[in-house]
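Here is a short briefing for a reader new to this structure. It covers the ligand's surroundings, the strands and a pair of helices.

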Amino acid sequence: MSIEYKINHPITADQFISLLADSTLGERRPIQDRDCMMGMISNSNLTVSAWDSEKLVGISRCMTDFHYACYLSDLAVSEKYQKLGIGKRLQILTQDQLGPRCKLILIAAPAANSYYEQIGFSNNPRCWVLERDASIHS
Ligand SMILES: CC(C)(COP(=O)(O)OP(=O)(O)OC[C@H]1O[C@@H](n2cnc3c(N)ncnc32)[C@H](O)[C@@H]1OP(=O)(O)O)[C@@H](O)C(=O)NCCC(=O)NCCS
C-alpha cells in the first residue's frame, strides 16, 4: 500500500468528518456540527495528511506559531489503516515543520493515552482546560 503525505493540502469538511468517524476519534469530536468541523479544518494553520490515492486516511491537525508552541488538536488514522506506522509518520512530519524550540502540546483521547509516551511525549500534570458550553453548537 502506497501512502502519500501532504503538508497543508486542502481538505474538505466532509473528508475531515469521514476520517474522524472512520478513526473513532469522531466519538470525541462534534462531527454532527458541520459548521464547527468546517471552522476547525479551515482555521488550522498546520495540517499533515495521509492519502491512499484520493482517500484521506490520516491527519495531524495543528494550530501553531511554529516557534514556541504547537497545539496538536487531532491525530487520527482511519481504523483500517491503523498500526501501520501512519500515525508515527504524521507526527514526524509535523515536527519537521516546526522550529527547534517549538513544543507539541495535546490532550490525549483515553484510548491513546499510552500511545504518546511511545512516540516521545512526556505527561504534564499542570495542563489545564477551560470547558465551554457545548450546547451552543447543538
Ligand atoms: C492513535 C492513532 C493516531 C495511532 O496511529 P497509528 O497509525 O495506528 O499508529 P502507528 O502505527 O504509528 O503506531 C506507532 C506505535 O504505537 C503503537 N500504538 C498505536 N496505537 C496505539 C494506542 N492507541 N495505544 C497504545 N499504543 C498504540 C503501535 O503499536 C506502534 O508501536 P510499535 O512502533 O512498537 O509497533 C490511531 O490509532 C487513531 O487514530 N486512533 C483513534 C483516534 C485517537 O485516539 N487519536 C488520538 C487522539 S489524541
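A residue counts as near a molecule if its C-beta atom, placed from the backbone, lies within 6 Å of it. The model is predicted. In it, 21 residues surround the ligand.

**Around the ligand**
- The closest residues are Gln82, Gly87, Lys88, Ala109 and Ala112.
- Three elements each supply at least two residues of the shell: strand S4 (69-77), helix H3 (86-96) and helix H4 (115-118).
- By type, the shell divides into 12 nonpolar, 7 polar and 2 charged residues.

**Strands**
- S4 pairs with strand S3 (residues 55-64) in the antiparallel sense, over 7 bridges.
- Within that pairing, glycine 58 has valine 77 in S4 as its bridge partner.
- S3 and S4 form a hairpin, with 4 residues between them.
- Phenylalanine 66 sits in the turn and has a positive phi of about 70 degrees.
- S4 also pairs with strand S5 (residues 103-105), in the parallel sense and over 3 bridges.
- Here cysteine 70 stands opposite leucine 104 in S5.
- Together, S4, H3 and S5 make a right-handed β-α-β unit.

**Helices H1 and H2**
- The axes of helix H1 (residues 13-23) and helix H2 (residues 34-42) come within 9 Å and cross at roughly 100 degrees.
- H1 is therefore roughly perpendicular to H2.
- Ala13, Phe16 and Ile17 in H1 meet Arg34, Met37, Met38 and Ile41 in H2.
- The residues of this contact divide into 6 nonpolar, no polar and 1 charged.

Notes
Residues are numbered from 1 along each chain as its sequence is written. This is a predicted model: local features need pLDDT of at least 70, side-chain atom pairs count only at pLDDT 80 or more; totals for chains, interfaces and linings use all residues. Ala, Val, Leu, Ile, Met, Phe, Trp, Tyr, Cys and Pro count as nonpolar, Asp, Glu, Lys and Arg as charged, and the others, Gly among them, as polar. Two strands pair if DSSP finds at least two bridges between them. A crossover is right-handed if, with the strands pointing away from the viewer, the path from the first strand over the helix to the second runs clockwise. Axes are lines fitted to C-alpha atoms, for helices over the stretch in contact, and angles run from 0 to 180 degrees between N-to-C directions. Angles under 35 degrees count as roughly parallel, over 145 as roughly antiparallel, 65 to 115 as roughly perpendicular and the rest as oblique. Two residues are in contact if their C-beta atoms, placed from the backbone, lie within 7 Å.
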